[in-house]
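Good morning, colleagues. Please take a moment to look at the structure on the screen before I begin.

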Amino acid sequence: MNGPALPYLRQGGPRLTVGMITADLLHLGDEMTVLERAGVELVHIDVMDGVFCPMTTVGPPIVAALRGPMLKDVHLMIDDPLPKLDAYVAAGADLITFQIEGAPQPHRVLQILAGAVNRNDPDRGIVRGIAIAPSTSIRAIEPLLDETDYVLVLAVNPGWGGQTFIPATEARLAEARRLIETSGRPILLGVDGGVTRANIARVAALSADVIVSGSAIFDGKAAAENAAFMVEQVAAATRATMIHA
Ligand code: DX5
Ligand code: ZN
């Protein structure tokens, strides 16, 4: 893509971003090629630090190693993200989203990210995201909306792939959408976790601009087919919205 990422992502209907943690990490380049060929535009990198989350996953070297046309969508499920931001910016992150529960000063994190330059293309900017866990009131995003480009509502608890989509997420997305609209700012809304072949059509019909799916695509069997199916389901939801608009 050319030009700023935020307006690009806000147009044209919801985007699928694919979680890579459940991919075959020893053949990550091939796995990314599968996604690109299926029309996936973003790769979602779940960073877990063994502190905020019990598990440890990947860090800046893997973010840097991911190359290609997909935007690098980094989800920091870590304690105290502030001192780690530079490393992810240097690794070429296009979106940086952190859990507000792990950040002692989330507004400061967003202010720092506002001054960061995208290493892939300075014109692209870095999309600044806040992620919110299922146990946190959605109202916690309100004081941060003046510095936020992206609100990611978790539909599962942070830390594990393959969990079931929590039904209360639908109402939480609607509440987040209302707060975003009240702010009057151009902010993306995303949903992360528990999105499968069985529920993606329903999820795509909610008000999210960005939909994360990981283990349902990298199921060890049919990643190419799963990714193409998910991309098509999201596109179908967009077409339906345009017809009814
Ligand atoms: C939750 C992560 C999610 C999740 C996505 O810890 O932020 O990105 O792993 O994976 P699935 O699609 O398997 O729920
Ligand atoms: Zn995630």
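Which strands each supply at least two residues of the shell around ligand 1? They are strand E2, covering residues 42-48, strand E3, covering residues 71-77, and strand E8. I should state at the outset that this is a predicted model.

Let me place these strands in the fold. The sheet is a closed barrel of 8 strands, in the order E1-E2-E3-E4-E5-E6-E7-E8, and the pairing is parallel. On average, neighbouring strands of this sheet are turned by 25° against each other, direction ignored. As a general point, strands of a sheet pair through backbone hydrogen bonds, either parallel or antiparallel.

One pairing may serve as an example. Strand E7, residues 188-192, runs parallel to strand E8, residues 210-213, and 3 bridges join the two. Within strand E8, Val210 is the residue that stands opposite Gly190.

I turn now to the ligand. The space that ligand 1 takes is the largest pocket. It is surrounded by 18 residues, and the closest are Asp46, Gly159, Gly162, Asp192 and Ser215.

Which polar atoms approach the oxygen atoms of ligand 1? For Asp192, a polar side-chain atom lies 2.7 Å from an oxygen atom of the ligand. For Gly194, a polar backbone atom is 2.9 Å from a ligand oxygen. For His75, an N or O atom of the side chain is 3.2 Å from an oxygen atom of ligand 1. Taken alone, ligand 1 exposes 370 Å², and the protein buries 96% of that area.

Key:
Residues numbered from 1 in each chain as written. Chains lettered and ligands numbered in written order. Predicted model: local features only at pLDDT ≥ 70, side-chain atom pairs only at ≥ 80, totals over all residues. Heavy atoms only, no water. Pairing = 2+ DSSP bridges. Helix = DSSP H or I, 4+ residues; strand = E, 2+ residues; numbered from the N terminus. Axes fitted to C-alpha atoms, helices over the stretch in contact; angles between N-to-C directions. Near = heavy atom within 4 Å. Polar contact = N/O pair within 3.5 Å; in protein donor to acceptor, adjacent residues only side chain to side chain. Areas by Shrake-Rupley, 256 points an atom, 1.4 Å probe, with all protein chains shown as cover. 1 Å grid on protein atoms, 1.4 Å probe; cavity = no way out; pocket = protein on both sides within 12 Å on 5 of 7 lines; lining within 4 Å. Sits in = over half its atoms within 2 Å of the grid points.
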